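Here is a short report on the structure shown below. Please keep the sequence at hand while reading.

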Amino acid sequence: MSNNQFRPYDLVLSVDDNQIDRYICGTIVEKYNFAKRVIEFDMATKALEYLHENLHIPENIPQIIFLDINMPIMSGFDFLEEISKLPVIIQNTCCIVMLTSSVNPNDLDRANNNFIVKDYISKPLNKEKLDEVEIVFNSNFNR
Amino acid sequence: MENITTPEKADLAYIEGFEADVKTKSDQFINYFLIAFFVIGLLLAMVYDTWKVALIISLPLLSAYYVTKTLLPKSNLYQYVLSAVLGIFMAQFIYQMHGMFEMHFFAFIGSAILITYQNWRLQIPIAIIVVLHHAIFGYLQYLGNDDIFFSQLDYMDLQTFLIHILLAIVIFFLCGLWAHHIKEYANKHIQQNYTLGKLQKNEEQNNLLRKTNLELDKFAYSVSHDLRAPLLSMKGIIDITDMMTDEEITKKHMVMLRESADKLDTFITDIHNYSRNSRQEIKLQMINFDELLNGLNQQMAYMNGTRAVDIQILTEGNDVFISDKYRVQMVLNNLISNAIRYQKIENENPYVKIKVKINSKDAEISIEDNGIGIEQENYHQIFEMFYRVSDQSKGSGLGLYIVKETVDVLKGSISLTSKKNEGTTFLVKLPNNN
């Protein structure tokens with residue numbers, strides 16, 4: 001398997017309160033050249049703020065957002081609700097992927113029932129899961 | 001329902017409490033009545049100057065009553081004594097008033113007083129005394145004994161006497177009847193109140209239980225999440241370390257680390273599943289086996305440390321199958337991952353064949369593998385909690401136990417046929433709730 005199998009995405013966001021998980025996400029994405037740029041946020045509120053500020057700067061709008069569920073202050077689901085209030089350009093260009101350690105089937109249900117969520121994968125992120133994300137992205141968005 | 005209608009010890013104690021209450025209050029009334037009777041005796045003594053009779057009879061009567069009551073406070077004997085005492089008071093008053101007819105009514109007053117104890121038997125002593133008194137004194141007077149003072153009537157023939165006694169008996173009977181009725185009614189009422197109170201208590205306990213269950217569920221969920229989150233981070237770091245190193249020894253260590261982490265992860269997930277299965281209510285929904293099994297198949301692809309296995313899925317039947325999706329998924333997940341985990345290394349083409357036959361009554365699911373197999377003597381043990389075939393087993397010892405528990409909750413059945421070194425087939429039958 002070559003490390004450069006992916007055609008790298010321009011920008012990926014990693015939203016997770018756990019620093020190690022953000023590190024894993026960043027390292028895996030970099031290692032497999034999945035994206036040219038990864039921006040990490042330790043809080044969903046900060047990620048939301050970023051999207052607000054960059055609404056009109058196309059190159060700063062991510063193609064993929066890896067979103068944790070259990071986070072203090074603003075959870076992954078709260079974040080999804082806020083996203084749905086943003087201009088549709090976000091929903092039309094961002095592929096939101098839940099990346100979680102949750103074992104609760106209710107979380108999976110909630111994610112499946114939310115049309116903004118395109119995929120639900122369990123931690124830790126690895127090559128196979130990146131493959132899956134790419135397939136999901138291709139079936140939902142045009143590159 | 002049974003524990004509500006048949007009185008238990010607690011019920012009886014509750015009723016006894018009420019009875020004691022009735023007794024105490026009645027006893028208080030009786031104290032006043034007895035004083036009144038004594039005073040009436042003294043007043044009557046003034047009219048016909050019968051002081052001697054009044055004192056000689058009243059005082060022993062009062063002492064008989066109070067002595068019995070003091071000596072045997074727990075027994076009801078003093079109430080029977082009271083009944084006799086009231087009868088004799090009547091006789092005393094009749095005698096004191098030289099047979100004045102109105103004094104006979106004291107028999108009825110006594111009878112009425114006794115109703116308060118709600119015991120029809122109390123009417124018996126007074127009735128006997130009244131009958132005996134009337135018979136003896138009436139006969140004596142009839143014989144011409146002038147000192148008897150039974151009746152002011154010049155004579156009392158047998159017919160008058162019989163009517164007189166009959167009416168008295170009717171009154172005693174009625175008073176006894178009412179006493180009995182009141183008693184029964186009161187008991188019913190008490191029981192009802194008690195049952196109501198108990199139901200209320202049950203309701204409260206149920207609510208508490210529901211709340212506790214909910215909290216436990218939340219607890220189990222957050223504990224398993226909090227345990228699992230750092231574990232998954234560790235697994236991620238293991239992956240990265242493994243990926244970045246070329247050192248053989250480190251790679252070897254990473255394999256060992258991953259194995260341990262996987263074991264712990266399985267254990268945490270199993271415990272979470274177990275707690276979910278034992279307390280969550282059944283949630284019925286339509287189940288599409290093709291979809292479900294394909295989803296599981298994809299998950300299995302990520303099972304670490306195992307060689308990929310050829311998973312074949314075959315579903316038959318057009319009936320809609322309705323059951324608890326999460327539980328069915330839990331069962332299949334456990335059985336399929338076991339089939340993969342315990343594959344035979346020497347086999348060139350390890351496989352898992354999953355067949356599902358659905359009809360309107362049930363779904364028959366068979367999961368067949370060509371893995372290491374199970375010895376027949378271990379068939380029943382494998383469903384036991386924490387049972388493991390060997391120390392080398394990779395599982396938590398909970399997987400099949402949870403499968404069995406879950407199948408039981410779904411009111412289904414599970415069986416297996418296996419041959420050591422050849423493979424195992426699990427057969428699960430689940431009722432269709434359609």
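How are α7(B) and α8(B) oriented to each other? This is a predicted model. In it, helix α7 of chain B covers residues 158–244, and helix α8 of chain B covers residues 248–279. They pack at an angle of about 165°. An angle over 145 degrees counts as roughly antiparallel. α7(B) and α8(B) are therefore roughly antiparallel to each other. Their axes lie 9 Å apart, and the crossing is left-handed. The residues of this contact divide into twelve nonpolar, five polar and eight charged.

**Annotated spans in chain B**

An unreviewed UniProt entry lists "transmembrane region" for residues 29–48, 54–72, 77–95, 101–117, 124–141 and 161–179 of chain B. The table describes two of these listed spans.

| Span in chain B | Distance between end C-alpha atoms | Helix | Strand |
|---|---|---|---|
| Residues 124–141 | 25 Å | 100% | 0% |
| Residues 161–179 | 27 Å | 100% | 0% |

**Helix α11 of chain B**

Helix α11 of chain B runs over residues 399–409. Which of its residues are buried? They are B:Gly399, B:Leu400, B:Ile402, B:Val403, B:Glu405, B:Thr406 and B:Val407. The charged residue B:Glu405 is thus listed with B:Leu400 and B:Val403. The buried residues of α11(B) pack against helices and strands of chain B. The helices are α8 and α10, the latter at 325–341. The strands are β6 (413–419) and β7 (423–431). Helix α8 of chain B therefore appears in two packings, one with α7(B) and one with the buried residues of α11(B). After α11(B) comes B:Lys411, with a positive phi near 60°.

**Chain A**

Chain A has six helices and five strands. Along the sequence, their pattern is β-α-β-α-β-α-α-β-α-β-α. How much of chain A is buried? Buried residues account for 36% of its 143 residues. Contacts also reach across the sequence. Among those in chain A between residues at least 6 apart in sequence, 69% join residues at least 24 apart.

One loop position rounds off the picture. A:Pro72 sits in the loop between β3 (64–67) and α3 (76–83) of chain A. Is A:Pro72 buried or exposed? A residue counts as exposed with 12 or fewer other C-beta atoms within 10 Å. A:Pro72 has 9 C-beta neighbours inside 10 Å, so A:Pro72 counts as exposed. A:Asp42 is 30 residues from A:Pro72 in sequence. In space, their C-alpha atoms are 9.8 Å apart.

Notes:
Residues are numbered from 1 along each chain as its sequence is written. Chains are lettered from A and ligands numbered from 1 in the order in which they are written. This is a predicted model: local features need pLDDT of at least 70, side-chain atom pairs count only at pLDDT 80 or more; totals for chains, interfaces and linings use all residues. UniProt positions are given in the numbering used here, feature names are shortened, and annotations may be inferred rather than shown by experiment. Helices (H or I, at least four residues) and strands (E, at least two) are DSSP runs, numbered from the N terminus. Axes are lines fitted to C-alpha atoms, for helices over the stretch in contact, and angles run from 0 to 180 degrees between N-to-C directions. Angles under 35 degrees count as roughly parallel, over 145 as roughly antiparallel, 65 to 115 as roughly perpendicular and the rest as oblique. A crossing is left-handed if the near helix is turned anticlockwise from the far one by less than a right angle, and right-handed if clockwise. A residue is buried if 20 or more other C-beta atoms lie within 10 Å of its own, exposed if 12 or fewer, and partly exposed in between; C-beta atoms are placed from the backbone. Two residues are in contact if their C-beta atoms, placed from the backbone, lie within 7 Å.
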